[in-house]
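I opened the notebook to record what I looked up in this structure. Each entry gives what I checked and what I found.

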Amino acid sequence: MKAIEILNKMNTEILAPILREAGFSNDGDIWWKSTEEFSLVLTLQNYWWSTDDKIDFRINLGLMIPPINKKSKKRPEITELAVCVSQDCYLPENVQFHKYKNSIGYCIKNGDNVKEFLELIQRDFKEFIMPQLLKQETLEDCVDFYKNVPFWNQRLNRFIEEQRFKLMNNLAG
């Protein structure tokens, strides 16, 4: 099977069902679940040098403040996220290293063992990524989760303060 077919199979058979079951919406490769204060966001990032035969990609996870509004016509962009980390932030170190892992995420090639790869992705999502992501129900939960993640913890706090300032100005105005 070609690498692009393996990636498509991962999207349709693993990611989409898990994310839909958890209540995520999507626009193409961007998935989100919104609360009143923020949106949990997941994107699949294929690197520009990937081909149909060999694909390097990573899974970006993060938060958007303010949240994605269902009425919005504008597609959310990854550059707008308050936090954007790779899957490794959600995975224990002992499961991060395997034959489909590279320095920037994952790598799949033509002829790779599809069953093995899909089982690995399913394990990562069901056992590690989704349980931690879905525990982030409030901004305080998010701050607590990212408190030890350099750069992103400060960026998150800044986004929270900016949003509170905007809300206070709107109430005063």
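**Entry 1: the chain as a whole**

How many helices and strands are there in the protein chain? I counted 5 helices and 7 strands. I note at the start that the model is predicted. Along the sequence, the elements of the protein chain come in the pattern α-β-β-β-β-β-α-β-β-α-α-α.

Next I looked up the radius of gyration, which is 17 Å. The globule rule gives 16 Å for 173 residues, so the protein chain is as compact as a globular protein of that length. Along the principal axes, the C-alpha atoms of the protein chain fill a box of roughly 60 × 35 × 30 Å.

I then checked burial and contacts. Of the 173 residues in the protein chain, 43% are buried. Taking contacts between residues at least 6 apart in sequence, I found that 61% join residues at least 24 apart.

**Entry 2: strand β4 and its partners**

I looked at β4 (54–64). How many of the residues of β4 are buried? I found 10 of its 11 residues buried, and I wrote the strand down as mostly covered.

Then I went through its pairings.

- β3 and β4 run antiparallel and are joined by 8 bridges. Valine 41 has glycine 62 in β4 as its bridge partner.
- β4 and β7 are paired in the antiparallel sense, over 4 bridges. Here isoleucine 55 stands opposite isoleucine 108 in β7.
- β4 and β5 are also antiparallel, with 4 bridges. Glycine 62 stands opposite cysteine 84 in β5.

Glycine 62 therefore appears twice in my list, because it is the bridge partner of valine 41 and stands opposite cysteine 84.**Entry 3: threonine 43**

I picked one residue of strand β3, threonine 43. Is threonine 43 buried or exposed? Its relative accessibility is 5%, under the 20% cut-off, so threonine 43 counts as buried. Leaving aside neighbours within four places in sequence, I listed the contacts of threonine 43 as Asp29, Ile30, Arg58, Ile59, Asn60 and Ile78.

**Entry 4: the nonpolar cores**

Which residues have the most contacts inside the largest nonpolar core? They are Met10, Phe57, Ile108, Phe117, Ile121, Phe125 and Leu156, in a core of 48 residues. I checked which elements supply at least two residues each: α1 (3–21), β3 (39–46), β4, β5, β7 (105–109), α3 (114–134), α4 and α5. The most comes from α3, with 10 residues.

Apart from this core lies another, of 7 residues. Ile30, Met64, Ile68 and Leu81 are among them.

I followed isoleucine 108 further. Not counting residues up to four places away in sequence, isoleucine 108 touches Ala3, Ile6, Leu7, Asp53, Lys54, Ile55, Phe57, Tyr100 and Phe117.

**Entry 5: aromatic rings**

How many aromatic pairs does a search of the whole structure find? It finds 9. One that I looked up is the pair of phenylalanine 145 and tyrosine 146, which is edge-to-face. The ring centres are 4.9 Å apart and the planes are at 85 degrees. Phenylalanine 145 is partly exposed, with a relative accessible area of 22%, whereas tyrosine 146 is buried at 0%.

I also noted one aromatic cluster, formed by Phe57, Tyr100, Tyr106 and Phe117. Phe57 and Phe117 are also on my list of residues with the most contacts inside the largest core.

**Entry 6: the buried side of α4**

In α4, I found Leu139, Cys142 and Tyr146 buried. Why do I put them on the same side of α4? They cover an arc of only 55 degrees around the axis, which puts them on one side of the helix. The general rule is that an α-helix has 3.6 residues a turn, so residues three or four places apart point the same way.

**Entry 7: two backbone details**

Which peptide bond did I note as cis? The bond from isoleucine 65 to proline 66 is cis, with omega near 0 degrees. Proline 66 lies in the loop between β4 and β5 (83–86).

The other detail is phenylalanine 151, where phi is near 70 degrees. This is a positive value in a residue other than glycine. Phenylalanine 151 sits in the loop between α4 (139–146) and α5 (152–172). Its relative accessible area is 49%, so I put phenylalanine 151 down as partly exposed.

Note on methods: Residues are numbered from 1 along each chain as its sequence is written. This is a predicted model: local features need pLDDT of at least 70, side-chain atom pairs count only at pLDDT 80 or more; totals for chains, interfaces and linings use all residues. Side-chain values use heavy atoms; hydrogens and water are left out. Buried means under 20% relative accessible area, exposed over 50%, partly exposed in between (1.4 Å probe, protein chains only). Rings of Phe, Tyr and Trp (its six-membered ring) pair if their centres lie within 6.5 Å; planes under 30 degrees apart count as stacked, over 60 as edge-to-face and the rest as tilted. The arc is that of the directions from the helix axis to the C-beta atoms. A nonpolar core is a set of buried Ala, Val, Leu, Ile, Met, Phe, Trp, Tyr and Cys residues joined through side-chain atoms within 4.5 Å. Contact means heavy atoms within 4.5 Å. Two strands pair if DSSP finds at least two bridges between them. The radius of gyration is taken over C-alpha atoms; the globule rule is 2.2 Å times the number of residues to the power 0.38.
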